[in-house]
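Got your viewer open? Load the model, switch on a cartoon with side chains available, and follow along stop by stop.

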Amino acid sequence: MKKGLIVSILLVCLGLVLVACTPQPLAAPQSLLYDGAILAWLPVEGAVSYEVDVDGATVAIVQDNYYTYTTRESVVFRVRALGENDQVGEFAEYAYTYNPPTVEYMNAPTIAEVNGEGELVWSNVPGASAYVVWVNSKVYARIEGSNRCYLHFATDGDYGVQVQAVGHPTLADSAKSTLYRVQVVHGQIVPPRLAAAKLSFDGTGEPLLRWQGVHRAYGYALYLNRNLLAVIPPHVGESETHSGEIYTYPLDASLHTDSTQTYTYSLITLGDEGNHIYRDSAHGDGPTFPLPTPSAPTHLEAEGHTLRWQGVDNCAQYSLSIKSGNSTQTQISSQTAFSLSGLTDGTYRVRVHALGREGICSDSPPSAEIEISVHSGRVAVDALPAPVGLRCIDGVLSFGSVAGADAYEILVDTPYDTTLGSSTWYVNKPQWEVHSSLAGSILTIYVRALAPAGGVDSLWSEGLCCWPTGYDDKGDPLPTYTCEPIPSSLTYDGTTLRWRGSSSGYELCINGEVYSTADPQYEVANLEGTVRVRALGTAPTLDSPYSAEKTFMPTRLATPGEVTLQGEILSWQTVAEAKTYAIVWQDGIYYTPSAQISLRDFLNLDGTYLLSVYALGEEGSWRLPSLLSEGVYATVDYEPFGTEHKPYLISTAEDLKLLAEHPGAHFLLTADISVGEISPLFSATESFSGTLSGLHADGRYSLLDIQPDSTIGLFGNLVGATLRDIQFVFADLSGEGEVVTLARQAVDSKLTNVSITANLRGTTVAGAVLYAKNSVFSGVSVQATLLGTTAGGIAVETENTTMQSCQVQGTLSANTVGGLVAKATASTLHGYVGTEQTPLVAQGLLVGGLVANTHGCSVSGEADLSVTADGDVYVGMVAYMTGGSLEGRLGLALTLGGGKAYVGALATGTATLRTQSKLVVSGYADEVCIGGVAGRLDSTQDVSECSATLEITLKTNVGYIGGGVGMGQVSGTATFSATLSVGQGVQIGYYSGRGKDAYPESWQVVRTQEGA
């Protein structure tokens, strides 16, 4: 098609070119095209062939204007026309660049586990259209729309399981997953051992043993010195626990009675041993008591107005010793922090130690001592206090002395005189004569105390604004001015700037822009940047210099804490000022205003997820989102039992009651079950519409010794049901009316690889179902003895139903007998009844090896029958057929004992026939119509594709025996051979029983011959 398209395009182009009638020199080919497979060009007038070169070498001489060439390299094509009388045209050249297709490969799945039920679970791969499960390097199953399936192994041993993600045209299949080993012992998968829970001691409040739940755990066993102390059930009753749940157990310190002994706790995760799904974990060792003497708290440091330190594990409280002069106060803190806001200005020495707990641990040693200086609400650790009491009188700066200070550093700023700038001065006493160079300028002065070597200098003092007296040109002193105090303690809470000051007005410089306010505060939203403030004075008091510049940036919200999962509810600690929370997992993010949410609200696919949370402030607020919380694992398994991927498991006779309780669900038979006496699962008016499967690797599980107290069938009716890979073994069943094994009706149902063994006696009997409509039977086999008025090896009657490769063996005795089906309408039936070594034993009036009576059906297969008749009988693969087709083989051993007999591959009727038959007929009859193809045909048929062998030893007064038909008209050529011994007066013909001549008692046909 591609070649024709390219050539057609070129021919269209050619039609647009006007060519002169006079002979022209051969032109170079035009419009070379190459698509990776075909090189094509416009035909050249006068050309009888073309020379094709690839990379300078001639590769072909072709008569057509195209050349097939496949390459995965970049090449240069050249083509020229060749005419008569060695006429040669110019080469046309085409350079082709090979661009290999880009294929993106998916990541390989990761197998999570194979539990004792055989449930295989793997990780989802984005973009995968399906998954292929490999077992021992062979394809086991193809799964769509799920990340799990069930494995079944028939024999003991080790199995290697892998999963591969299937892509699509733009996404290549992944590699196989890492090999997961599965061991099968005594027909059962060895359950995986659960992970051991990590047991820890939580001493921050009431003493607790603490651990995180393990996925699939059915409880926990707590041991003290390997002696069982308690069994803790899962949080959610008898269902599976979810990993990530936090379990606690109160610690009884009174159990630690012997101070010379150690007490060690351990924990075992309990699996579902009863159902052989998971095994218990090994001992997970926990804490040992008494705990070693804890170390002292470390890293004491002041942060703003808060003292913080590094905590001590398993200690719930801390004691602070705060000394000031000769007095000492003790404070208790349950946190690793303590607020210093209540301390007055001064110097303090602080130590911290952790408080012990009886039976658990002793007090820790005290921490190293630190010294804290508090001045005007500001704190410095281990520093000299800042100088206070700054005054500037007559050009002399003075301030209070600081004990322990070696010297003082004075910082002088001239905010209104840029020529002078800032300068630093050092003095060794608490006063300083302002340098004459600074006289006459407004000054901002700060002082700090300098500690000896190894000490910590003090904080800077509050700023002082002054104007030292200067002198005019005549040498007279200039007037002295004072300034407003410099605003201090500038803070911002996200909405309002505040500072300390007592002026009647202030000027702010925010990111270079100037603003005014009368109060020591200013509202501004979402501030990001730098701020300076100065107090505005009223004459003769001057404006203060600007305060030191301070930078404000948005603060971050607190991280959500205590993220927990209880059942399906995920919750966390509320964060102040948070308006929204974001839940983050490996595949997405979900926003919610609430501090708790159901997993169903945002997770819609089964799997295991690591969930974390962060907080967000109100849109436009001065708050950065919080950091991500610690994660908790959530296993989502919404799919209820009874689905295709999670069927109910049937392992006992008692479990069979689940079929009636959930008639539309999926069920998996997981063991051979001896059923015994069982009440009806369904009444005659009830139906099973679910799926029952018994697949176990390459074998089948069986329901044995079924003794129902009713003959309506184990399932009542099958409507939209599926039975697959099961063997049913019934005890003897008998009744006055309908007797059937599985169901009275099978409508819109499928039976695949189902085996039935039964002995039935009644009026209407069937090995599987009485009536089937719009159903499919594939690989159904029946071993049965059926006695009644009407009997069907698999079904009594079918309508619009298909049977594929079905088998029946045993004995059928009734007026109407169908090896597969007694009566069929508009159905397609294929099967095997009996074998050459063990033919089906049948007896009746209408005996169809495959079907007794059909209307508009396609019937095919093989039937081997052993039939005895004492009266009238119609015997064949089909006894009576109206329309349709019959194809297959019949082996028949028939013994007659009187009456009329119609015998053939088709006993009587009309159909399209392709048959092979071997008929062995003996005994005596009043009248017979016997044909290798048909006993009697009701209309002319072509039997040219049929063959037959007849061995007839028979006493009869009236007989019509033919290689093709006993009675009726046929055309075509049939092949048959016959050995006949019949009474006088019997008409024998090749094709018609109505031959013109009577033949002797012994006659053998050895070849086909026209006429009769």
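Leaving aside neighbours within four places in sequence, which residues is Ser 266 in contact with? Select Leu 199, Ala 221, Leu 222, Tyr 223, Arg 226, His 283, Gly 284, Asp 285 and Gly 286, and you have the list; contact here means heavy atoms within 4.5 Å.

A word on what you're looking at. This is a predicted model, where local features need pLDDT of at least 70, side-chain atom pairs count only at pLDDT 80 or more, and totals for chains, interfaces and linings use all residues. Residues are numbered from 1 along each chain as its sequence is written, and side-chain values use heavy atoms, with hydrogens and water left out.

**Stop 1: stay on Ser 266**

Ser 266 sits in strand 23, residues 263-269. Strands are DSSP runs of E with at least two residues, helices are runs of H or I with at least four, and both are numbered from the N terminus. Ser 266 counts as buried because its relative accessible area is 1%; buried means under 20%, exposed over 50%, and partly exposed in between, with a 1.4 Å probe and protein chains only. Now show side chains: that of Ser 266 makes a polar contact with the side chain of His 283 at 3.0 Å. A polar contact is a pair of N or O atoms within 3.5 Å; within protein, one must be able to donate a hydrogen and the other to accept it, and residues adjacent in sequence count only if both atoms are side-chain atoms.

**Stop 2: zoom out and colour by confidence**

Across the protein chain, pLDDT (the predictor's confidence in each residue, from 0 to 100) averages 82, and 88% of the residues score at least 70. Select 237-241: pLDDT is below 50 there, and this stretch has 15 contacts in the model beyond near neighbours in sequence. Residues 990-1012 are also below 50, with 60 such contacts.

While you're zoomed out, colour by secondary structure: the protein chain has two helices and 92 strands. Of its 1012 residues, 47% are buried. Take the contacts between residues at least 6 apart in sequence, and 66% of them join residues at least 24 apart.

**Stop 3: Ala 141**

Jump to strand 12, residues 138-143, where you'll find Ala 141. Buried or exposed? Ala 141 counts as buried, because its relative accessibility is 18%. Beyond neighbours within four places in sequence, Ala 141 is in contact with Tyr 131, Val 132 and Val 133. Try a distance label to Leu 151, 10 residues along the chain: the C-alpha atoms are 9.2 Å apart.

**Stop 4: a three-stranded sheet**

Select strands 41, 42 and 45, which form an open sheet in the order 41-42-45 with antiparallel pairing. Its edge strands, pairing on one side only, are strand 41 (488-492) and strand 45 (521-523). Ignoring direction, neighbouring strands here are turned by 10° against each other on average. Three bridges join strand 41 to strand 42, residues 496-500; DSSP has to find at least two for strands to pair. For one bridge, pick Ser 488, whose partner in strand 42 is Arg 500.

**Stop 5: Thr 517**

Finish in strand 44 (residues 513-517), which holds Thr 517. Thr 517 is buried, since its relative accessible area is 16%. A polar atom of the Thr 517 side chain lies 3.3 Å from the backbone nitrogen of Asp 519, and one lies 3.2 Å from the backbone oxygen of Gln 521. Not counting residues up to four places away in sequence, Thr 517 touches Trp 499, Gly 505, Tyr 506, Leu 508 and Tyr 522.

Technical notes. Axes fitted to C-alpha atoms, helices over the stretch in contact; angles between N-to-C directions.
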